[in-house]
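Work through the exercises below with the sequence and the coordinates at hand. Each task is followed by a solution that proceeds step by step.

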Amino acid sequence: MRIFAKGGDHMGFRPKKLAEKYGLSSNTLRNYEAKGLMPPADRSSNGYRMYTERHEAFLACIQAMTAAFGMEVTSQVMHCLRRNELDDALWIVRDREVMLHREKANLDQLIRELKSYSEGSRAHDINHNFSIHEVSRRTGASKSAIRYWEQCGLFTTERDPDNDYRFYHEAHLFKIRLIQVLQSAVYSEETVNLKQSVARLDLENIEDSMKVSDRIQVHLNKTIKLQMRALYFLYRLIETIDNSETTAADH
C-alpha cells in the first residue's frame, strides 16, 4: 500500500511493503541502507522509516545487479553511484562484461578442441607429463590456484616417485581450463553443480566432456541475459540520479 512520506511531496513505502514487493526482509533493507548501498530512508511526521520511488529504483538495481554480477561488484557500483561517480560505475560493469566475453571465447576454443578429438583429427597424449610450472604457463592459472583447486577435489594428480613432485597430463589441462571459465561466475547452486560436474568428469570420455561444456555454455548465455537486464536497471537508476542532480543545480 502506498502512503505519503514526510512533507507529502513524494509517494512512499513503509519498509515491510517495499521489502515484500522484492521478496526481502525489512532487515535486508536496513542492511543495504547501513552499508551505503542505497540512500538513507526518509522519515514520516511520526518518525517512521519511509522509502520513496528513488529508493525503489536503487533496490531494483541492487537485485538485478546482484543476480548478474554478484554482491561484491554490486556494492562497488552502488557506492560509486552514492558518490555520484556515475562513469566509474559503468566502467566497473564493463570490465565484468569483458571478462564474460573472454570466458565465452575460452569455452568455445575448448569445445572446438573436444570436437577435434571426437572426430579423430586430434588425439590425447596421455603419456606426456607436465610440471605445475608448465601447466601454469599453458593455462594462465597461478600455481597457488592450481594447488587450491586440487585441494578442493576438483581434480587429482599423481606424484613422481623419484622426487614426489606432482605431474599433470593433457586431460588435467582441459579440466583446469573448464574450471577457469567458471571462476568469476556468481556463486549459486548452479555454479556449484557445474564445478562438481567438472570434478567428476573423465575427460577421456569425449561425449561426457561435451555435455558438461554445453551446460557451461548454457550458463554463460543465461549470465549475459542477466547482465543485460542489470544494465537496464543500472542505466535507469543513473538517469534518475542525473536528473536529480540537474534539478538540484537549477534550484
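The exercises concern a predicted model, and they go from the whole chain to single helices, a helix pair and individual residues.

**Exercise 1. The chain as a whole**

State how many helices and strands the chain has, and what share of its residues is buried.

Solution. Begin with the secondary structure, which comprises 10 helices and 6 strands. Next, take burial, for which the cut-off is under 20% relative accessible area: of the 251 residues in the chain, 41% are buried. Finally, turn to the contacts between residues at least 6 apart in sequence, of which 61% join residues at least 24 apart.

**Exercise 2. The two sides of H9**

Determine which residues of H9 are buried and which residues on the other side are exposed.

Solution. First, check the geometry of the helix: H9 covers residues 189–200, and its 12 residues reach 17 Å from the first C-alpha to the last, close to the 16 Å expected at 1.5 Å a residue. Second, list the buried residues of H9, which are Thr191, Leu194, Ser197 and Val198. These residues lie on the same side of H9 because the arc they cover around the axis is only 115°. The general background is that an α-helix has 3.6 residues a turn, so residues three or four places apart point the same way. Third, look at the other side of H9, where Glu189 and Arg200 are exposed.

**Exercise 3. H4 and its packing against H3**

Compare the span of H4 with the value expected for its 12 residues, and then describe how H3 and H4 pack.

Solution. Start with the span: at 1.5 Å a residue, H4 should extend over 16 Å, and the distance between its end C-alpha atoms is 16 Å, so the two values agree. The buried residues of H4 are Val73, Thr74, Ser75, Val77, Met78, Cys80 and Leu81, and just after the helix Asn84 adopts a positive phi of about 65°.

Proceed to the pair. H3 (residues 53–69) and H4 (residues 71–82) pack with their axes 8 Å apart, at an angle of about 145°, and their crossing is right-handed. From H3, the residues Phe58, Cys61, Ile62, Met65, Thr66 and Phe69 meet Met71, Val73, Thr74, Val77, Met78, Leu81 and Arg82 of H4. Sorted by class, this contact of H3 with H4 has 10 nonpolar, 2 polar and 1 charged residues.

**Exercise 4. Three residues of H8**

For Glu170, His172 and Val181, decide whether each is buried or exposed, and find what lies around it in space.

Solution. Take Glu170 in helix H8 first. Its relative accessible area is 14%, so Glu170 is buried. Glu170 is 42 residues from His128 in sequence, yet their C-alpha atoms are 7.5 Å apart in space.

His172 also has its place in H8, which covers residues 170–182, and it counts as buried because its relative accessibility is 8%. With neighbours within four places in sequence left aside, His172 is in contact with Phe155, Thr156, Thr157 and Phe167.

Val181 is likewise found in H8, and with a relative accessible area of 2% this residue is buried. When its neighbours within four places in sequence are left aside, Val181 is in contact with Glu103, Asn106, Leu107, Ile216 and Leu220. As for Glu103, its separation from Val181 is 78 residues in sequence but 5.1 Å in space, C-alpha to C-alpha.

Notes. Residues numbered from 1 in each chain as written. Predicted model: local features only at pLDDT ≥ 70, side-chain atom pairs only at ≥ 80, totals over all residues. Heavy atoms only, no water. Helix = DSSP H or I, 4+ residues; strand = E, 2+ residues; numbered from the N terminus. Expected span 1.5 Å × (residues − 1). Buried < 20%, exposed > 50% of the residue type's maximum accessible area, 1.4 Å probe, protein only. Arc of directions from axis to C-beta. Contact = heavy atoms within 4.5 Å. Axes fitted to C-alpha atoms, helices over the stretch in contact; angles between N-to-C directions. Left-handed = near helix turned anticlockwise from the far one by under 90°. Nonpolar A, V, L, I, M, F, W, Y, C, P; charged D, E, K, R; others polar.
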